[in-house]
Amino acid sequence: MTKKAENLLIAIWTVSLIATLGSLYFSEVRNYIPCEMCWYQRILMYPILLISTVAIIQKNVKTALTLLVFSVIGGAIALYHYGIQKLSFLANTAPACKTVSCTAQYIDWLGFITIPFLSLLAFTLIIIASLAVMREAK
């Protein structure tokens with residue numbers, strides 16, 4: 001494994017760690033109850049932290065494809081979730097969540113930064129880094 005690939009895996013690990021700790025902060029410290037779509041994003045983000053940890057320890061760049069798949073699916077969910085929060089014509093397509101509506105916005109920093117936006121940002125960074133790892137591994 002090249003030093004560049006290792007650094008990219010460390011970047012993936014760092015982004016996934018921050019995203020995981022951020023989600024836990026919002027739910028456990030701020031007591032924001034995650035909606036159904038937030039749970040799906042967590043289900044896809046948390047394994048990225050575990051997989052990237054193992055990849056760094058084993059110096060295994062082959063995990064980049066798995067990381068890419070998890071992040072593309074998670075990013076698609078985050079993009080849709082952000083869309084139903086910010087675009088009125090998409091809000092009507094929101095799933096019927098049980099406890100908390102998926103259109104609820106616990107935070108709205110600068111008028112556009114919401115929790116799904118932060119999730120989308122993290123998944124996008126991981127997608128870019130995973131593609132770079134795959135390219136470096138060739």
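The following legends accompany close-up views of a predicted model.

**Figure 1. Confidence of the predicted model.** This structure is a prediction, and its pLDDT averages 95 over the protein. A score of at least 70 is reached by 100% of the residues. Among the elements, helix H1 has the highest mean pLDDT, at 98. The lowest mean, 86, belongs to helix H4, which comprises residues 88–91. Where pLDDT is low, predicted coordinates should not be read in detail.

**Figure 2. Helix H1 and its buried residues.** Helix H1 runs over residues 3–29 and contains 27 residues. From its first C-alpha to its last, H1 reaches 37 Å, which is close to the 39 Å expected at 1.5 Å a residue. The buried residues of H1 include Ala5, Glu6, Leu8, Leu9 and Ile12 in the earlier part of the list. Val15, Ser16, Thr20, Ser23, Phe26 and Ser27 are buried in H1 as well. These buried residues of H1 pack against H2, H3 and H5.

**Figure 3. Helix H5 and its packing partners.** Helix H5 spans residues 115–137 and has 23 residues. Its reach from first to last C-alpha is 33 Å, close to the 33 Å expected at 1.5 Å a residue. Buried residues of H5 include Pro116, Ser119, Leu120, Ala122 and Phe123. Ile126, Ile127, Ala129, Ser130 and Val133 are also buried in H5. The partners against which the buried residues of H5 pack are H1, H2 and helix H3, the last of these covering residues 64–86. An α-helix has 3.6 residues a turn, so residues three or four places apart point the same way.

**Figure 4. Surroundings of Ile48 in helix H2.** Ile48 is placed in helix H2, which covers residues 36–58. Because its relative accessible area is 0%, Ile48 counts as buried. Residues up to four places away in sequence set aside, Ile48 touches Ile12, Ser16, Leu67, Phe70, Ser71, Phe123 and Ile126. Of these contacts, Ile12 and Ser16 are also among the buried residues of H1, while Phe123 and Ile126 are among the buried residues of H5. A contrasting pair is Ile48 and Phe89, which stand 41 residues apart along the chain and have C-alpha atoms separated by 32 Å.

**Figure 5. Surroundings of Ser16 in helix H1.** Ser16 belongs to helix H1. With 0% relative accessibility, Ser16 is classed as buried. Apart from neighbours within four places in sequence, Ser16 is in contact with Met45, Ile48, Leu49, Ser52 and Ile126. Ile126 is also in contact with Ile48.

**Figure 6. The largest pocket.** The volume of the largest pocket is about 460 Å³. Of the 24 residues that line the largest pocket, Ala19, Ser23, Ile115, Leu118 and Ser119 are the closest to its centre. Helices H1, H2 and H5 each supply at least two residues of this lining. The greatest contribution comes from H5, with eight residues. By class, the lining of the largest pocket comprises 18 nonpolar residues, five polar residues and one charged residue.

**Figure 7. The enclosed cavity.** Rolling a probe the size of a water molecule over the atoms shows where empty space is left. One cavity of 30 Å³ or more is counted in the model. About 80 Å³ of space lies in the largest cavity. The largest cavity is lined by 14 residues, and those nearest its centre are Cys38, Gln85, Ala104, Tyr106 and Ile115. H3 and H5 are the elements that give two or more residues to this lining. The lining of the largest cavity has nine nonpolar and five polar residues, with no charged residues. Ile115 is also listed among the residues closest to the centre of the largest pocket.

**Figure 8. Two loop residues with positive phi.** Asn31 lies in the loop between H1 and H2, just after H1. The phi of Asn31 is near 60°, a positive value in a residue other than glycine. Asn31 is exposed because its relative accessible area is 58%, over the 50% cut-off. Lys59 is found in the loop between H2 and H3. Although Lys59 is not a glycine, its phi is positive, at about 55°. Lys59 is partly exposed, with a relative accessible area of 48%.

Key. Residues are numbered from 1 along each chain as its sequence is written. This is a predicted model: local features need pLDDT of at least 70, side-chain atom pairs count only at pLDDT 80 or more; totals for chains, interfaces and linings use all residues. Side-chain values use heavy atoms; hydrogens and water are left out. On a 1 Å grid over the protein atoms alone, a cavity is a set of points where a 1.4 Å probe fits but cannot get out, and a pocket is an open set with protein on both sides within 12 Å along at least five of seven lines; lining residues have an atom within 4 Å of a point. Grid points are joined across faces, edges and corners, and a volume is the space filled by probe spheres set on the points. Helices (H or I, at least four residues) and strands (E, at least two) are DSSP runs, numbered from the N terminus. Ala, Val, Leu, Ile, Met, Phe, Trp, Tyr, Cys and Pro count as nonpolar, Asp, Glu, Lys and Arg as charged, and the others, Gly among them, as polar. pLDDT is the predictor's confidence in each residue, from 0 to 100. The expected span of a helix is 1.5 Å times one less than its number of residues. Buried means under 20% relative accessible area, exposed over 50%, partly exposed in between (1.4 Å probe, protein chains only). Contact means heavy atoms within 4.5 Å.
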